[in-house]
Amino acid sequence: MENLFTLPSEYKDLRESVRALAEKEIAPFAQAVDEEHRYPQEAANALQRAGLSASHVPTSYGGDGADALATVIIIEEVARVCGASSLIPAVNKLGSLPLILGGNEAQKTRWLTQLSAGKGFSYALSESEAGSDASALRTKAIRQGDSWLINGSKKWISNAGVSEFYTVLAQTDPTLGSKGITAFVIEKSDPGVSFGAPEKKMGFRGSPTREVYFDNVELSDDRRIGEVGAGFILAMNTLDHTRITIAAQALGLAQGALDTAAKYSHERKQFGKEIFDFQGVQFMLADMAMNIEAARVLTYAAAIKSENNEKDLRFFSAASKCFASDTAMKVTQDAVQILGGYGYVSDYPVERMMRDAKLTQIYEGTNQIQRIVMARNLPTI
Ligand code: COS
């Protein structure tokens, strides 16, 4: 029987090479990036040099054409050492996927080649009053002859200010609800675009999260992605594919915390023996590893469904994001517990990973929203 649960060697080789790069070129800066709330430029450079910052872009547009599973493994391995750095490939996929799914050839050539060359691509759906209720967004796009006038603002935008390009969802007909929303690409340099101050966050401090403001931003119609009114479905369809990248990020954080805790349990001696020798610690490590492995199988299955655009993708992407992020939260908390006082200070990475893990339960749809999506799309076998 075909082995369902052994990764083909090309993915194992990919993991090995990304892990080596992450440990050498990203991990050494992870603590400073967090403490100084600064963009992980070293990671951005290393990922770009290695073709990993937007490897999902098809080769015809200068990318690596990495499939969904390869992209998951890249994000997982970067997150294992630095959550903020793993947002570089994750945000680039999220921002550009509406273009890949719904753009025309000229639009893809125009922006995807620049993304491959290192210019970031963010996704701008959420607003201050439109989070879980995404179709309540108020940013307006008003048609004026051959062009559009955009006014409004977006909130919680990852890598805002760093990214050159933004997929922006705007209301083109307020009377139509979710059918009155359209997607546009807006560039950082477009007149009328500005950014709020970086949010002061609990975790992912190396990745800037800012508001984006649009003040009479005038766009030609070639900035519109897909049909007028088709933006909400495009935005939701995008999330079906990209929530899996958040599962990957959560997996990486959990694995990084487990690796640290397991190593520490053999180094730390109390009562005359390694703390690993106490069953209380063994049970925790076993549960951590068991849940990570379950999350990994679910996430990789979701990635394969994304690649093949299978009809149960919607359930699997929500389930992988929800399960992996809940796992990451529990595992990182337990890692802090195993390290005790050392876990609570920044000498070890587990407290940072715990703070980062919290966001994976919130963004790209809270885990409550994931459960709504799952319930509405229960799988049949
Ligand atoms: N793919 C394609 N189409 C979808 C879809 C999906 N995943 N989800 C919904 N749609 C379609 C529906 O089929 C419906 O179209 P029809 O009217 O033609 O049937 C339309 O979109 C509206 O759907 P629905 O009525 O289900 O929308 P709701 O307002 O109830 O919202 C949820 C659905 C809650 C699932 C959605 O708003 C959501 O995912 N919210 C969270 C947003 C989010 O993740 N934000 C994080 C920030 S982005 S990083």
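Which element gives the largest share of the shell around the ligand? Helix H6 does, with seven residues, and the views below show its surroundings. This is a predicted model, in which local features need pLDDT of at least 70, side-chain atom pairs count only at pLDDT 80 or more, and totals for chains, interfaces and linings use all residues. Residues are numbered from 1 along each chain as its sequence is written, and side-chain values use heavy atoms, with hydrogens and water left out.

**View 1. The shell around the ligand.** Of its 22 residues, Ser132, Lys179, Asp240, Arg243 and Arg376 come nearest (a residue is near if one of its heavy atoms lies within 4 Å). By type, the shell holds nine nonpolar, seven polar and six charged residues (Asp, Glu, Lys and Arg count as charged; Ala, Val, Leu, Ile, Met, Phe, Trp, Tyr, Cys and Pro as nonpolar; the others, Gly among them, as polar).

**View 2. Oxygen atoms of the ligand and their polar partners.** Look for a polar side-chain atom of Arg243 at 2.7 Å from a ligand oxygen, and one of Arg376 at 2.8 Å. At Gly365, a polar backbone atom is 3.1 Å from a ligand oxygen.

**View 3. Domains at the ligand.** Domain 2 (121-229) and domain 3 (232-376) each give at least three residues to the shell; these bounds come from an automatic or database domain assignment.

Terms used. A polar contact is a pair of N or O atoms within 3.5 Å; within protein, one must be able to donate a hydrogen and the other to accept it, and residues adjacent in sequence count only if both atoms are side-chain atoms. Helices (H or I, at least four residues) and strands (E, at least two) are DSSP runs, numbered from the N terminus.
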